[in-house]
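Biologist: I am new to this structure and would love a close look at one part of it. Could you take me through the positions that the UniProt record marks as a binding site, and then show me what lies around them?

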Amino acid sequence: MDLALQLARASIGVSDPNPRVGCVLLGAGRRVIGRGHTQAAGSAHAEVMALRDAAAQGESTRGAIAVVTLEPCAHHGRTPPCCDALVAAGIARVVYAVEDPNPVGGGGAQRLRDAGIEVVSGAGAEASRELNIGFFSRMQRGRPWLRLKVAVSLDGRSALANGRSQWITGPLARADGHAWRKRAGAVLTGVGTISDDDPRLDVRLVDTAVQPLRVVVDSRLAIDPAARILDAPGEALVYTAQPDPLRAAELRARHVAIEAVPGPNGKVDLAAMLDDLGGRGINELHVEAGHKLNGSFIREGLVDEYLVYVAPKLLGLGRELATFGPLESLTDGVQLRFVDVTPIGDDLRILARPAG
């Protein structure tokens, strides 16, 4: 299962919106005879890739064991059901980590049992779920897993008072941040950050096969059509509340998609935006925004995970990680739990989630 999970990680930046899955086939004497991971959407899933690998090596799969990180699917989407491929290959036993949360795709384990195949589950469940946390979020809640990324100084400043923030952290932390961008189906920021920094928000510092969708929250549709975030490669999507017809036409001329999701006070309805992104097949949403938009996500309880890089420096007066409050009591604060704390070069990477 550890090998299967390792293979599944190779699907990061490749398989979305499908889950990241790895499969290992074991022949006589538990010898590895095939391995594979999920390819791009519409292409082969992990089980089929492993079966192809075994065939390419001249190995028979009759009576073999399949170890897979997610319950084999039972539905016919853009590809045939994986459980049918395992049955046809003569697999005798299937070991999978965690059940498929897709209400359409589930039921594969029962299909396998009905075909006389022994089925075992549970090993590697937590690791597989973590690897596919966005897929589980979209299947079970209808919206992506929202990861809020920010780089701050030791005294909690995300930018100087004049808005300058490049660079608070070092090159290793910045490259690590691009690896997290690669995980996401979409990277989001606000129009204020575009005005201040004109970021590209693409994946450059690590290799990737696909650029994530770049999303802008822009209530008044004030974005400059020449903003770098709208440049190819990859696609851009702007959410607005008060679309200006002339600006909308300029943006559409650049092949930028525009979606109106008006909420209270003339702002973008952030919850409705997340539902829309879920409908577009976005599993993980990586947010790199300014303190105001960060505060809005936090106030509305929409942040699932905080990815915070802390630099060993003090910046004094400046912009905070997020603007919200003031609170009346310490107990009113957002209670978090640390999931991981890791040094990255001279900086510290903290992964935290809401308590409970």
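Modeller: Happy to! A word on terms to begin with: two residues are in contact, or touch, when they have heavy atoms within 4.5 Å of each other. Please also keep in mind that this is a predicted model.

Let us start with the record. An unreviewed UniProt entry lists A151, T193, D197, S219, G290, H291, K292, L293, N294, G295 and S296 under "binding site". These positions span 146 residues in sequence, and their farthest two C-alpha atoms are 24.9 Å apart, so they do not all gather at one spot.

Two glycines from that list make a good pair to look at. G290 sits in the loop between strand 12 (284–287) and helix 11 (291–299). With a relative accessibility of 24%, G290 counts as partly exposed, because that class runs between 20% and 50%. G295, by contrast, has its place in helix 11. Its relative accessibility is 0%, so G295 counts as buried. Leaving aside residues up to four places away in sequence, G295 touches A322, T323 and F324.

Now to the wider setting. The domain assignment splits the protein chain into domain 1 (1–133) and domain 2 (143–354). The C-alpha centres of these two domains lie 34 Å apart. Where they meet, 9 residues of domain 1 are in contact with 13 residues of domain 2.

There is an enclosed space to see as well. The count comes to 1 cavity of 30 Å³ or more, and the largest cavity has a volume of about 40 Å³. Its lining is made up of D16, N18, P19, R20, L131, N132, I133, G134, F135, N283 and E284. Helix 6 (residues 133–141) gives the largest share of that lining, with 3 residues. Sorted by class, the lining has 4 nonpolar, 4 polar and 3 charged residues.

One last stop is R204, found in the loop between helix 8 (191–197) and strand 9 (213–217). R204 is partly exposed, with a relative accessible area of 38%. Residues up to four places away in sequence aside, R204 touches H178 and R181. R181 is 23 residues from R204 along the chain, and the C-alpha atoms of the two are separated by 9.7 Å.

Terms used
Residues are numbered from 1 along each chain as its sequence is written. This is a predicted model: local features need pLDDT of at least 70, side-chain atom pairs count only at pLDDT 80 or more; totals for chains, interfaces and linings use all residues. Side-chain values use heavy atoms; hydrogens and water are left out. On a 1 Å grid over the protein atoms alone, a cavity is a set of points where a 1.4 Å probe fits but cannot get out, and a pocket is an open set with protein on both sides within 12 Å along at least five of seven lines; lining residues have an atom within 4 Å of a point. Grid points are joined across faces, edges and corners, and a volume is the space filled by probe spheres set on the points. Helices (H or I, at least four residues) and strands (E, at least two) are DSSP runs, numbered from the N terminus. Ala, Val, Leu, Ile, Met, Phe, Trp, Tyr, Cys and Pro count as nonpolar, Asp, Glu, Lys and Arg as charged, and the others, Gly among them, as polar. UniProt positions are given in the numbering used here, feature names are shortened, and annotations may be inferred rather than shown by experiment. Buried means under 20% relative accessible area, exposed over 50%, partly exposed in between (1.4 Å probe, protein chains only). Domain bounds come from an automatic or database domain assignment.
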